[in-house]
Amino acid sequence: MRFSGLRVLREGLTGNKGWTPQWRDADPKAEYDAIIIGGGGHGLSTAYYLAKEHGLTNVAVLEKGYLGGGNVGRNTTIVRANYFLPGNSEFYSHSLKLWEGLEQDLNYNVMHSQRGLINLFHSDGQRDAFARRGNAMINQGDDAVLLDRAGVRKHLPYLDFDNARFPIYGGLLHPRGGTARHDAVAWGYARGASERGVDLIQQCEVTGIDIENGRVRGVQTTRGAIRAKKVGIVVAGRSGQVAAMAGMRLPIESHVLQAFVTEGLKPCIDHVVSFGMGHFYISQSDKGGLVFGGDLDFYASYAARGNLPMAEHVMEAGMALMPMIGKARVLRSWGGIMDMTPDGSPIIDKTDTQGLFIDCGWCYGGFKAVPGSGFSFAHLMATGHHHGPAARYRLDRFRTGRGLMDEEGTGSQHNLH
Ligand SMILES: Cc1cc2nc3c(=O)[nH]c(=O)nc-3n(C[C@H](O)[C@H](O)[C@H](O)COP(=O)(O)OP(=O)(O)OC[C@H]3O[C@@H](n4cnc5c(N)ncnc54)[C@H](O)[C@@H]3O)c2cc1C
């Protein structure tokens with residue numbers, strides 16, 4: 001079924017009886033050419049591009065809960081390509097280009113809104129760092145505009161410009177940055193993959209990975225054993241646990257990241273804004289809620305819920321930047337399990353087991369990566385070759401120390417990212 005304005009009109013006039021389910025809820029077959037473990041954004045986009053770009057349709061996505069119930073439906077929806085280091089820069093640039101054609105490609109409204117992202121800076125040193133970042137973005141072919149204080153005031157007049165502790169010196173505007181409706185992205189990819197013949201199997205937890213003579217043979221699940229020639233692990237916060245089923249110990253720690261949303265308000269924040277001196281970033285959803293978040297909770301955990309000290313920290317940072325939000329009532333907060341690598345950059349690679357591939361380490365930045373990661377991981381799984389923009393996301397960089405991408409410049413250690 002194709003979506004179009006005409007279709008919406010017709011359905012509206014005929015009682016909305018013609019809409020069909022967005023995807024088939026499939027039962028597992030005995031064997032597939034490829035299995036994707038994890039029905040989050042990255043798993044679903046991988047399945048979609050396997051089918052669309054490589055004609056591989058005898059594929060199953062195995063999801064232990066429901067599609068989109070993980071981090072892809074829990075994030076603060078920020079989409080951007082403002083990375084600095086070679087490796088990250090070209091990857092996120094490629095991903096943003098895919099975002100820009102995604103709604104047409106999927107024939108699905110993912111509400112991608114390029115409303116502009118402004119990273120604020122609060123000292124001369126920070127301005128220098130953001131100027132360098134902006135130059136790197138422009139060199140990559142993306143867009144960046146360095147704003148002075150007056151420039152920021154023009155865009156964001158509601159900020160506290162009298163704050164003596166965190167004076168606003170300016171900001172780096174990334175006009176093509178913005179947001180998208182997170183769960184619609186999962187649904188759109190699910191629909192596209194299902195339409196092309198991929199089996200999407202929910203309530204199907206992988207409990208073991210079958211390996212014989214160094215080759216993957218399939219997986220054990222709560223719905224029985226399934227054979228496969230290729231298996232891709234794409235389980236975000238659960239990466240360490242699932243990789244352990246194949247005898248791998250990953251350089252990953254799992255942490256909680258929280259997010260918050262207020263009651264619906266009239267439109268007041270029309271960009272994505274991030275604070276340079278504290279952990280706080282904010283945008284306003286199309287329903288009117290202010291959606292904001294901060295940093296990781298910084299202790300390893302598999303609990304998908306946060307704690308009050310971090311909630312307080314995030315609120316404090318928000319109040320320092322835009323005191324007017326103190327009037328809004330927080331409706332909900334939630335947490336997601338983040339897969340953090342020592343250099344804070346992701347992994348898209350083969351493993352030592354033939355036919356077994358892994359895509360992980362996206363931590364708090366993987367929503368914007370959903371199209372790029374799926375595209376590159378599908379390329380790797382289908383062809384056996386690394387895809388250009390993701391070619392540096394190798395697993396062995398943590399063993400050799402060569403090729404680390406420490407985007408934040410804080411050092412190669414989990415708890416510093
Ligand atoms: C609060 C919060 C805010 C964030 N904000 C942003 C942001 O603004 N911008 C941004 O770019 N990124 C953001 N992120 C990060 C982003 O959401 C993640 O990096 C990304 O969604 C992870 O990939 P995924 O979608 O595939 O993960 P998930 O949706 O978590 O998918 C993994 C799936 O694997 C399944 N699974 C696990 N184990 C098994 C098993 N054994 N068998 C079968 N299935 C299994 C899980 O149930 C899950 O559905 C944020 C994350 C959080 C939590």
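## A tour of salt bridges and a leucine patch

Start by selecting Asp27, which counts as exposed at 55% relative accessibility. You are looking at a predicted model, so treat each stop as a feature of that prediction.

**Stop 1: Asp27 and its partner.** Which residue forms a salt bridge with Asp27? Add Arg223 to your selection: the closest N and O atoms of Asp27 and Arg223 are 2.6 Å apart. Asp27 sits in the loop between helix H1 (5-13) and strand S1 (31-37), while Arg223 is in the loop between strand S10 (215-221) and strand S11 (224-233), so this pair ties together parts that lie 196 residues apart in sequence. Click on Arg223 by itself and you have a partly exposed residue, with a relative accessible area of 36%. As a general idea to carry along, side chains of opposite charge can pair when their charged atoms come close.

**Stop 2: from strand to strand.** Now select Asp33 and Lys229, another salt bridge, whose closest N and O atoms are 2.9 Å apart. Here Asp33 belongs to strand S1 and Lys229 to strand S11, and the pair links distant parts of the chain, 196 residues apart. Buried or exposed, or something in between? Asp33 is partly exposed at 25% relative accessible area, and Lys229 is partly exposed too, at 44%.

**Stop 3: loop to loop.** Next, pick Asp286 and Arg115, where the salt bridge has its closest N and O atoms 3.9 Å apart. Asp286 lies in the loop between strand S14 (281-284) and strand S15 (289-300), and Arg115 in the loop between helix H4 (102-106) and strand S4 (117-121), so the pair ties together parts 171 residues apart in sequence. Try colouring the two partners separately: Asp286 counts as exposed at 59% relative accessibility, whereas Arg115 is buried, with a relative accessible area of 18%.

**Stop 4: a network.** Select Glu100, Asp142, Asp143 and Arg176 together, because salt bridges that share partners join these four into one network. How many salt bridges does the model have by this rule? The count comes to 18.

**Stop 5: a patch without charges.** For a change of scene, select Leu6, Leu9 and Leu13 and switch on the surface view. These leucines form a nonpolar patch on the surface, and together they have about 390 Å² of accessible area. Finish by zooming in on Leu13, which is found in helix H1 and is exposed, with a relative accessible area of 72%.

Methods
Residues numbered from 1 in each chain as written. Predicted model: local features only at pLDDT ≥ 70, side-chain atom pairs only at ≥ 80, totals over all residues. Heavy atoms only, no water. Salt bridge = Lys/Arg side-chain N within 4 Å of Asp/Glu carboxyl O. Helix = DSSP H or I, 4+ residues; strand = E, 2+ residues; numbered from the N terminus. Buried < 20%, exposed > 50% of the residue type's maximum accessible area, 1.4 Å probe, protein only. Patch = residues over 30% accessible without salt bridge, like charges linked within 9 Å, V, L, I, M, F, W, Y side chains within 5 Å. Areas by Shrake-Rupley, 256 points an atom, 1.4 Å probe, with all protein chains shown as cover.
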